[in-house]
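Subject: Structure handover

Hello,

The structure we discussed is placed below for your use. My notes on it come after.

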Amino acid sequence: MMVVRTQKADQAIYIVDDDPAVRDALSVVFELEGYSVSGFETGDAFLDAVKTRQPACVFLDVHMPGRSGLEILKALNADHYPAPIFIISGQGDIPMAVTAIKYGAFDFIEKPFDAEQIIRRVQEALDAQARRGTDEHKAGAVTHDFPGRELLTPREIEVLGQITAGASNKEAGRHLGISPRTIEVHRARIMEKLGARNAADLVRIVLTGEHG
(Lines give C-alpha, C1' and ligand atoms only; values in the text may rest on other atoms or scores of the structure.)
Protein backbone atom coordinates (compact mmCIF):
# COMPACT_ATOMS: atom_id res chain seq x y z
CA MET A 1 0.00 0.00 0.00
CA MET A 2 1.32 3.42 -0.93
CA VAL A 3 1.83 5.75 2.04
CA VAL A 4 1.81 9.49 1.45
CA ARG A 5 4.26 11.18 3.81
CA THR A 6 3.45 14.76 4.72
CA GLN A 7 6.12 17.46 5.09
CA LYS A 8 6.48 18.70 8.68
CA ALA A 9 7.86 22.09 7.70
CA ASP A 10 5.22 24.81 8.15
CA GLN A 11 2.77 22.32 9.66
CA ALA A 12 1.24 23.76 12.82
CA ILE A 13 -0.10 21.66 15.65
CA TYR A 14 -2.50 23.48 17.99
CA ILE A 15 -2.83 22.29 21.59
CA VAL A 16 -5.91 23.52 23.45
CA ASP A 17 -5.72 22.72 27.17
CA ASP A 18 -5.99 24.86 30.29
CA ASP A 19 -3.26 22.80 31.99
CA PRO A 20 0.16 24.34 31.15
CA ALA A 21 1.89 21.05 31.98
CA VAL A 22 -0.07 19.26 29.26
CA ARG A 23 0.60 22.03 26.74
CA ASP A 24 4.30 22.02 27.57
CA ALA A 25 4.63 18.23 27.41
CA LEU A 26 2.92 17.94 24.03
CA SER A 27 4.81 20.96 22.69
CA VAL A 28 8.14 19.34 23.51
CA VAL A 29 7.11 16.07 21.85
CA PHE A 30 6.09 17.70 18.58
CA GLU A 31 8.78 20.38 18.43
CA LEU A 32 11.41 17.64 18.71
CA GLU A 33 9.75 16.08 15.65
CA GLY A 34 10.06 19.33 13.72
CA TYR A 35 6.49 20.57 13.91
CA SER A 36 5.46 24.14 14.66
CA VAL A 37 3.40 24.14 17.88
CA SER A 38 1.02 26.71 19.39
CA GLY A 39 -0.71 26.32 22.76
CA PHE A 40 -4.01 27.82 23.87
CA GLU A 41 -5.40 28.03 27.39
CA THR A 42 -9.02 28.48 26.31
CA GLY A 43 -11.20 27.34 23.47
CA ASP A 44 -12.07 30.93 22.56
CA ALA A 45 -8.39 31.82 22.09
CA PHE A 46 -8.06 28.80 19.81
CA LEU A 47 -11.12 29.78 17.77
CA ASP A 48 -9.68 33.26 17.28
CA ALA A 49 -6.39 31.77 16.04
CA VAL A 50 -7.98 29.45 13.47
CA LYS A 51 -9.66 32.42 11.80
CA THR A 52 -6.29 33.39 10.35
CA ARG A 53 -4.40 30.10 10.13
CA GLN A 54 -5.52 26.53 9.70
CA PRO A 55 -3.47 24.05 11.72
CA ALA A 56 -2.40 20.66 10.42
CA CYS A 57 -3.72 18.95 13.56
CA VAL A 58 -5.49 19.92 16.80
CA PHE A 59 -5.38 18.49 20.33
CA LEU A 60 -8.42 19.59 22.29
CA ASP A 61 -9.15 19.00 25.98
CA VAL A 62 -12.73 18.24 26.99
CA HIS A 63 -12.75 20.00 30.36
CA MET A 64 -11.76 23.68 30.19
CA PRO A 65 -12.88 26.95 31.80
CA GLY A 66 -15.43 28.70 29.65
CA ARG A 67 -16.57 26.69 26.67
CA SER A 68 -15.90 22.95 26.88
CA GLY A 69 -14.20 20.92 24.21
CA LEU A 70 -17.58 19.68 23.01
CA GLU A 71 -18.81 23.26 22.61
CA ILE A 72 -15.67 24.14 20.67
CA LEU A 73 -16.29 21.20 18.33
CA LYS A 74 -19.77 22.58 17.66
CA ALA A 75 -18.49 26.11 17.09
CA LEU A 76 -15.85 24.81 14.69
CA ASN A 77 -18.33 22.63 12.79
CA ALA A 78 -15.85 19.83 13.37
CA ASP A 79 -17.60 17.35 11.06
CA HIS A 80 -16.44 19.47 8.13
CA TYR A 81 -13.18 20.85 9.52
CA PRO A 82 -10.25 19.84 7.27
CA ALA A 83 -7.68 19.26 10.03
CA PRO A 84 -7.96 16.18 12.29
CA ILE A 85 -9.00 17.06 15.85
CA PHE A 86 -7.87 14.73 18.63
CA ILE A 87 -9.73 14.88 21.93
CA ILE A 88 -7.50 14.62 25.01
CA SER A 89 -9.22 12.20 27.34
CA GLY A 90 -8.61 10.77 30.79
CA GLN A 91 -9.64 7.19 31.49
CA GLY A 92 -12.87 8.39 33.11
CA ASP A 93 -13.68 10.57 30.11
CA ILE A 94 -14.04 7.78 27.55
CA PRO A 95 -17.86 8.13 27.30
CA MET A 96 -17.37 11.86 26.72
CA ALA A 97 -14.68 11.11 24.14
CA VAL A 98 -17.19 8.90 22.33
CA THR A 99 -19.64 11.81 22.38
CA ALA A 100 -16.90 14.03 20.96
CA ILE A 101 -16.51 11.61 18.03
CA LYS A 102 -20.22 12.07 17.35
CA TYR A 103 -19.63 15.84 17.34
CA GLY A 104 -16.94 15.53 14.69
CA ALA A 105 -13.70 14.86 16.57
CA PHE A 106 -11.29 12.79 14.48
CA ASP A 107 -10.14 10.51 17.30
CA PHE A 108 -9.13 10.61 20.94
CA ILE A 109 -5.86 10.25 22.80
CA GLU A 110 -5.98 8.83 26.31
CA LYS A 111 -3.94 10.05 29.26
CA PRO A 112 -1.26 9.34 30.31
CA PHE A 113 0.45 10.15 27.03
CA ASP A 114 2.97 7.94 25.31
CA ALA A 115 5.18 10.14 23.13
CA GLU A 116 5.90 7.56 20.43
CA GLN A 117 2.24 6.59 20.19
CA ILE A 118 1.12 10.22 19.86
CA ILE A 119 3.65 10.91 17.12
CA ARG A 120 2.58 7.77 15.25
CA ARG A 121 -1.12 8.59 15.59
CA VAL A 122 -0.64 12.12 14.29
CA GLN A 123 1.46 10.96 11.35
CA GLU A 124 -1.14 8.32 10.48
CA ALA A 125 -3.86 10.98 10.66
CA LEU A 126 -1.93 13.36 8.41
CA ASP A 127 -1.12 10.57 5.97
CA ALA A 128 -4.81 9.68 5.82
CA GLN A 129 -5.69 13.33 5.18
CA ALA A 130 -3.12 13.45 2.37
CA ARG A 131 -4.66 10.36 0.77
CA ARG A 132 -8.05 12.02 0.50
CA GLY A 133 -8.95 12.44 -3.14
CA THR A 134 -6.33 9.98 -4.40
CA ASP A 135 -7.28 6.92 -6.42
CA GLU A 136 -6.32 4.71 -3.48
CA HIS A 137 -8.73 6.48 -1.19
CA LYS A 138 -11.54 6.51 -3.75
CA ALA A 139 -11.24 2.74 -4.11
CA GLY A 140 -13.15 2.31 -0.86
CA ALA A 141 -15.44 5.30 -1.27
CA VAL A 142 -19.22 5.21 -1.43
CA THR A 143 -20.03 7.34 -4.46
CA HIS A 144 -23.67 6.47 -5.10
CA ASP A 145 -26.86 7.48 -3.31
CA PHE A 146 -28.74 5.21 -0.92
CA PRO A 147 -31.54 5.73 1.60
CA GLY A 148 -30.28 7.77 4.57
CA ARG A 149 -27.03 8.97 3.01
CA GLU A 150 -27.94 12.56 3.83
CA LEU A 151 -27.99 11.64 7.54
CA LEU A 152 -24.31 10.67 7.55
CA THR A 153 -21.33 12.93 8.18
CA PRO A 154 -18.39 12.98 5.73
CA ARG A 155 -16.35 10.90 8.18
CA GLU A 156 -19.18 8.34 8.49
CA ILE A 157 -19.34 8.11 4.69
CA GLU A 158 -15.62 7.28 4.67
CA VAL A 159 -16.03 4.63 7.36
CA LEU A 160 -19.01 3.18 5.53
CA GLY A 161 -16.90 2.87 2.39
CA GLN A 162 -14.40 0.81 4.33
CA ILE A 163 -17.13 -1.39 5.84
CA THR A 164 -18.78 -2.10 2.50
CA ALA A 165 -15.35 -2.91 1.04
CA GLY A 166 -15.05 -5.65 3.66
CA ALA A 167 -12.41 -4.02 5.85
CA SER A 168 -12.15 -5.00 9.51
CA ASN A 169 -12.21 -2.30 12.19
CA LYS A 170 -8.42 -2.54 12.39
CA GLU A 171 -7.95 -2.31 8.63
CA ALA A 172 -10.41 0.57 8.32
CA GLY A 173 -8.74 2.40 11.19
CA ARG A 174 -5.30 1.99 9.65
CA HIS A 175 -6.52 3.32 6.30
CA LEU A 176 -8.35 6.30 7.79
CA GLY A 177 -5.76 7.05 10.47
CA ILE A 178 -8.05 6.48 13.45
CA SER A 179 -8.26 3.84 16.17
CA PRO A 180 -10.33 0.64 15.76
CA ARG A 181 -12.37 1.75 18.79
CA THR A 182 -13.32 4.96 16.99
CA ILE A 183 -14.24 2.95 13.87
CA GLU A 184 -16.60 0.95 16.10
CA VAL A 185 -18.19 4.19 17.37
CA HIS A 186 -18.78 5.32 13.78
CA ARG A 187 -20.09 1.89 12.76
CA ALA A 188 -22.66 1.94 15.56
CA ARG A 189 -23.75 5.46 14.62
CA ILE A 190 -24.07 4.54 10.93
CA MET A 191 -26.15 1.45 11.70
CA GLU A 192 -28.40 3.48 14.00
CA LYS A 193 -28.93 6.21 11.42
CA LEU A 194 -29.62 3.79 8.55
CA GLY A 195 -31.70 1.38 10.62
CA ALA A 196 -29.39 -1.54 9.91
CA ARG A 197 -29.58 -4.57 12.22
CA ASN A 198 -26.10 -5.91 11.45
CA ALA A 199 -23.18 -5.44 9.09
CA ALA A 200 -24.76 -7.56 6.34
CA ASP A 201 -27.94 -5.50 6.55
CA LEU A 202 -25.85 -2.35 6.34
CA VAL A 203 -24.11 -3.48 3.16
CA ARG A 204 -27.47 -4.49 1.65
CA ILE A 205 -28.93 -1.03 2.32
CA VAL A 206 -25.96 0.69 0.73
CA LEU A 207 -25.75 -1.55 -2.34
CA THR A 208 -29.43 -2.16 -3.04
CA GLY A 209 -31.31 0.45 -1.02
CA GLU A 210 -33.34 -2.29 0.63
CA HIS A 211 -33.55 -3.66 4.16
CA GLY A 212 -33.41 -7.41 4.61
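What follows covers the salt bridges, one buried acid and the largest pocket.

Please keep in mind that this is a predicted model.

Salt bridges

A search of the whole structure finds 11 salt bridges. Three of the pairs are described here.

D44 pairs with R67, with 2.6 Å between the closest N and O atoms. D44 sits in helix α2 (residues 43-49) and R67 in the loop between β3 and α3 (69-76), so this salt bridge ties together parts that are 23 residues apart in sequence. D44 is partly exposed at 36% relative accessible area, and R67 is also partly exposed, at 34%.

E110 forms a salt bridge with R181, and here the closest N and O atoms are 3.4 Å apart. The pair links distant parts of the chain, as E110 belongs to strand β5 (residues 107-110) and R181 to helix α9, 71 residues apart. E110 has a relative accessible area of 24% and is partly exposed; R181 is partly exposed as well, with 43%.

E156 forms a salt bridge with K193, the closest N and O atoms lying 2.8 Å apart. This pair connects helix α7, which holds E156, with helix α9, which holds K193, across 37 residues of sequence. E156 counts as buried, because its relative accessibility of 3% is under the 20% cut-off. K193, with a relative accessible area of 23%, is partly exposed. Salt bridges with shared partners join E156, K193 and R189 into one network.

A buried acid without a partner

D61 is part of strand β3 (residues 57-61). D61 is buried but has no salt bridge. Why does K111, the nearest side chain of opposite charge, not count as a partner? K111 is 4.3 Å away, and a salt bridge needs the nitrogen within 4 Å of a carboxyl oxygen, so the pair falls outside the cut-off. Leaving aside residues up to four places away in sequence, D61 touches V16, D17, D18, G69, I88 and K111.

Largest pocket

The largest pocket has a volume of about 220 Å³. It is lined by 21 residues, of which A78, D79, Y81, G104 and R155 are the closest to its centre. The elements that give two or more residues to this lining are α4 (94-102), α7 (154-164) and α9 (180-194). Helix α7 gives the most, with 3 residues. By type, the lining divides into 10 nonpolar, 5 polar and 6 charged residues.

Regards

How values were computed: Residues are numbered from 1 along each chain as its sequence is written. This is a predicted model: local features need pLDDT of at least 70, side-chain atom pairs count only at pLDDT 80 or more; totals for chains, interfaces and linings use all residues. Side-chain values use heavy atoms; hydrogens and water are left out. Helices (H or I, at least four residues) and strands (E, at least two) are DSSP runs, numbered from the N terminus. Buried means under 20% relative accessible area, exposed over 50%, partly exposed in between (1.4 Å probe, protein chains only). Lys and Arg count as positive and Asp and Glu as negative; His and the chain ends are not counted. Contact means heavy atoms within 4.5 Å. On a 1 Å grid over the protein atoms alone, a cavity is a set of points where a 1.4 Å probe fits but cannot get out, and a pocket is an open set with protein on both sides within 12 Å along at least five of seven lines; lining residues have an atom within 4 Å of a point. Grid points are joined across faces, edges and corners, and a volume is the space filled by probe spheres set on the points. Ala, Val, Leu, Ile, Met, Phe, Trp, Tyr, Cys and Pro count as nonpolar, Asp, Glu, Lys and Arg as charged, and the others, Gly among them, as polar.
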